[in-house]
Structures are given as C-alpha cells and as structure tokens.
Amino acid sequence: MDGQLIRAAAVAATLAIAPTGTMAHQLVVFASVDCQVVTVEAKFSNGRVAQAGDVRVLDGENTLLMTLELGEDGTAVVPLDSVDHSGGLVIEVDTGGHDNYWIVTPDDITRNCGS
Amino acid sequence: MKQYLVTASFAALMAATPALAHYGMIIPNDPMISQEDGRSVDLTMSFSHPFELDGMMLDKPAAFSVTHEGNTTDLLGGLQDATVMEDQGYTLEYRLDRPGTYVFAMEPKPYWEPAEDAFIIHYTKTYVTAYGDDEGWDTELGLKTEVVPLTKPFGLWEHNVFQGIIKMDGEPVPYAEVEVEYYNEDLSATVPDELMITQTVKADADGVFTYAPPSSGWWGFAALNTADYTILEEGSGEEKAVELGAVIWVHFEEWTGN
C-alpha cells in the first residue's frame with residue numbers, strides 16, 4: 001500500500017471517529033522516526049502538551065497493531081521492530097475530547113533510516 | 001507599424017508611470033502545508049510589480065533564511081536560479097521536518113532605481129505553517145525593518161482584516177505608510193483607475209495598520225521608510241537615499257459558505 005492509500009484510509013477512519021462537538025482548540029499529532037523508534041508527540045493548538053490519551057498504532061491497511069498510553073510529557077515511543085511498518089503506519093491519538101492522527105509513510109522511514 | 005507605435009506608446013506610458021509599486025516576494029506553493037500535502041514547501045522569490053506581473057532583476061539576495069521554533073537557518077546557498085515574471089528570480093524546495101510556523105525571510109541587495117533616485121531594500125517575509133500547528137505565527141525576527149503580524153498571517157478568509165505593527169530597528173513606526181497590492185497571478189483583476197493598483201493605508205500612532213482585502217489570493221503589504229544612511233551610487237559618484245521596505249505576504253482563502 002502506498003502513502004496515498006494510507007492517507008485515504010486514515011482520513012476516512014479519522015472522519016468516521018471524529019467527535020461532533022465543537023472544539024475551541026485542536027489536537028496536533030506528529031510522529032518522527034529514526035531507525036529504532038517512532039516518537040509520537042501530541043499537543044493542543046494552544047501549545048499545551050496533551051498529558052494523557054490513547055495512542056493507537058495501525059498498519060497501512062488500517063489494522064490495529066498496538067495501543068499505548070500517552071505519557072505526561074505528551075509523547076509515546078513505538079519501537080520499530082515491534083510493528084510491521086513495511087506499508088507505513090497510522091498513529092492515532094485520542095485524548096477523550098480530542099483526537100487526531102499522523103501518517104508515517106514508508107518514505108518517512110526510508111528517508112530517516114536509510115533502509 | 002501602427003501596432004508598433006501603439007505598443008511603444010503604451011510601454012513609454014508604463015515606464016513613465018510612477019504609481020507602480022515594487023515588492024520583494026516570497027510566495028510558497030501553499031501557506032498551510034498539511035501532512036497530506038507532503039513534507040516540503042516550494043518557494044518562489046522575486047522582485048516585481050505583482051499586480052501587473054512585471055518582473056525586475058533580483059540579484060542573489062544578501063540573506064535568505066528560515067526561522068522555526070526560535071532557530072534561524074541560512075538558506076542562501078540553496079536558492080536555485082529561476083525565471084519569475086520573465087526576469088531573474090529564485091526557487092527553493094524546503095523540507096519541513098516538524099510542525100509549527102516557518103518564517104522565510106529575504107534581504108535583497110540594494111536595488112538602484114534611477115526613477116526614484118534611490119536604492120531600494122525590501123526586507124521580505126512570508127509565514128508558512130506545517131502540519132496543523134500554528135505556534136510561532138507572531139514571530140518577530142528582529143530585521144532592520146519588518147511587519148510583525150497581529151493577525152495570524154495565514155488561514156485568513158477573504159475580507160478578514162489583517163493587522164500588523166510596522167517596526168524599524170525594533171521600534172514601532174507611527175503613521176507609517178503601507179502600500180498594499182494583490183498578486184494578480186492570472187491577470188484576471190482589472191482596475192478602473194491605475195490609482196487602485198496599489199492601495200495605501202497608514203499605521204496609527206502605535207505603528208499598527210489594518211487592511212481587509214476584497215478577494216482571496218496573495219496580498220503584499222509593504223511599509224516604506226527612508227533609511228538613516230545612504231549608499232554610494234557608482235554611476236554618479238553620489239550618495240543616494242535608501243528606501244527600506246518591510247514586506248509581508250499573506251494569503252487569504254476563498255470563503256466556502258453561502
């Protein structure tokens with residue numbers, strides 16, 4: 001599955017679970033990757049770190065691979081060797097009132113790891 | 001021959017028209033880069049009359065940088081030669097590694113404008129946000145002169161007001177004159193009078209100006225002041241005045257409601 005399909009699937013999934021309430025500020029989710037881990041970061045658009053929430057890791061076909069807790073510093077770490085990342089990963093963060101996602105594409109992993 | 005005469009007359013008229021405003025330009029392919037857009041932004045730099053799409057020579061700038069999360073990176077070496085509005089400009093593809101606001105800034109070399117008997121230096125900025133994070137949208141770079149945004153300089157609807165503070169050497173410039181011009185990319189905008197090509201507003205006593213554009217698209221705001229120094233013009237051997245421009249480019253989005 002290429003990045004385009006991952007994105008389409010992720011957008012569809014996100015729209016399906018998006019809360020309907022009005023949100024004064026949004027959740028910003030980002031994930032960086034190196035050869036060992038994916039580091040997930042979540043903060044609100046007002047700059048405050050999201051101190052708690054569920055982190056769901058899905059593969060490129062939208063299959064749930066792992067669920068983690070967001071740390072008090074707004075981060076979570078996913079060891080790369082613990083997941084099948086060949087088709088990319090979708091990282092969803094849900095704080096209860098807010099949720100968002102970041103897509104780690106195969107190109108992101110290749111570019112930052114060189115493998 | 002008749003057509004030539006008409007063309008020549010029009011060219012002479014345009015050349016003699018003093019109303020054309022010069023603008024340094026930094027135009028990204030998108031001021032709000034989402035993760036679906038990719039991982040980089042494409043920038044186009046020029047010096048031009050943006051309403052008429054009339055380009056001018058932009059020498060390799062004296063400085064070109066990006067500031068993100070308080071860190072400034074020199075990008076001058078990455079500029080690629082390009083033809084913009086049929087004249088010398090530059091392009092740059094810049095990778096956006098993290099979320100947040102990226103402030104791209106250009107300090108051109110002094111441009112000698114014989115018609116104004118002065119040099120022109122436009123300190124030009126454009127703000128680009130990445131991956132849904134607007135933190136840093138009000139960043140002040142500390143340039144010689146700059147527009148410090150009071151309104152988030154992206155994600156604006158057409159007709160929204162844009163406000164900024166004109167600063168020179170870090171201090172507000174009371175009643176500074178600000179020229180406003182539309183980047184008429186497809187030449188679809190026309191004017192009933194050439195006076196309307198460049199709109200003009202003045203800042204208040206605190207250096208704050210306000211403008212609401214009539215349409216979506218890129219709008220340039222240029223606060224022009226005379227420098228407290230001169231530059232030697234080699235042709236005449238005389239010291240000449242320097243016009244310092246604080247330029248910011250802001251994109252307004254088309255309203256999608258009824």
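**Exercise 1. Find how strand β10 of chain B pairs with β11(B), and describe the turn between them.**

Step 1. β10 (residues 111-113) of chain B pairs with β11(B) in the antiparallel sense, over 3 bridges. Strands are DSSP runs of E with at least two residues, and helices are runs of H or I with at least four; both are numbered from the N terminus. Two strands pair if DSSP finds at least two bridges between them.

Step 2. Pick one bridge. Glu113(B) has Ala118(B) in β11(B) as its bridge partner.

Step 3. Look at the turn. The two strands β10(B) and β11(B) form a hairpin with 4 residues between them. In that turn, Asp117(B) has a positive phi of about 50°.

A note before going on: this is a predicted model, in which local features need pLDDT of at least 70 and side-chain atom pairs count only at pLDDT 80 or more, while totals for chains, interfaces and linings use all residues. Residues are numbered from 1 along each chain as its sequence is written, and chains are lettered from A and ligands numbered from 1 in the order in which they are written.

**Exercise 2. List further partners of β11(B), and state how covered this strand is.**

Step 1. Take β2 (residues 32-33) of chain B. This strand and β11(B) pair in the parallel sense over 2 bridges. Ile33(B) stands opposite Ala130(B).

Step 2. Take β9 (residues 100-107) of chain B. Here 7 bridges lead to β11(B), and the strands run antiparallel. Thr101(B) faces Thr129(B) in β11(B).

Step 3. Take β20 (residues 238-253) of chain B. This strand runs parallel to β11(B), with 9 bridges. Thr124(B) has Val247(B) in β20(B) as its bridge partner.

Step 4. Check the cover. β11 spans residues 118-130 of chain B, and 12 of its 13 residues are buried. A residue is buried if 20 or more other C-beta atoms lie within 10 Å of its own, exposed if 12 or fewer, and partly exposed in between; the C-beta atoms are placed from the backbone.

**Exercise 3. Outline the fold of chain A, then describe its open sheets.**

Step 1. Count the elements. Chain A has 2 helices and 7 strands. Along the sequence they follow α-β-β-β-β-β-β-β-α.

Step 2. Take the sheet of 4 strands. Its order is β4-β3-β6-β7 (chain A), the pairing is antiparallel, and the sheet is open. β4 (64-69) and β7 (99-104) of chain A each have a single partner strand, so one side of each is left without a neighbour in the sheet. On average, neighbouring strands of this sheet are turned by 20° against each other, direction ignored. The axes are lines fitted to C-alpha atoms, for helices over the stretch in contact, and angles run from 0 to 180 degrees between N-to-C directions.

Step 3. Zoom in on one pair. β3 (residues 54-59) of chain A runs antiparallel to β4(A), with 5 bridges between them. Val57(A) stands opposite Met66(A).

Step 4. Take the sheet of 3 strands. This open sheet has the order β1-β2-β5 (chain A), with antiparallel pairing. At its edges stand β1 (27-33) and β5 of chain A. β1(A) and β2 (residues 37-44) of chain A share 7 bridges. Val28(A) faces Lys43(A) in β2(A).

**Exercise 4. Is Asp73(A) buried or exposed? Place this residue in the chain too.**

Step 1. Locate Asp73(A). The residue lies in the loop between β4 and β5 (75-79) of chain A.

Step 2. Count neighbours. Asp73(A) has 11 C-beta neighbours inside 10 Å, so this residue counts as exposed.

Step 3. Compare sequence and space. Asp73(A) and Val49(A) are 24 residues apart in sequence, and their C-alpha atoms are 6.6 Å apart.

**Exercise 5. Describe the nonpolar cores and the contact between the chains.**

Step 1. Start with the largest core, which has 57 residues. A nonpolar core is a set of buried Ala, Val, Leu, Ile, Met, Phe, Trp, Tyr and Cys residues joined through C-beta atoms within 7 Å. Phe104(B) is among the residues with the most contacts inside this core.

Step 2. Follow Phe104(B). Leaving aside neighbours within four places in sequence, its contacts include Ile26(B), Leu43(B) and Val66(B). Two residues are in contact if their C-beta atoms, placed from the backbone, lie within 7 Å.

Step 3. Add the second, separate core. This one has 25 residues, including Phe30(A) and Ile109(A).

Step 4. Turn to the interface. 9 residues of chain B are in contact with 8 residues of chain A. On the chain B side, these divide into 2 nonpolar, 2 polar and 5 charged. Ala, Val, Leu, Ile, Met, Phe, Trp, Tyr, Cys and Pro count as nonpolar, Asp, Glu, Lys and Arg as charged, and the others, Gly among them, as polar.
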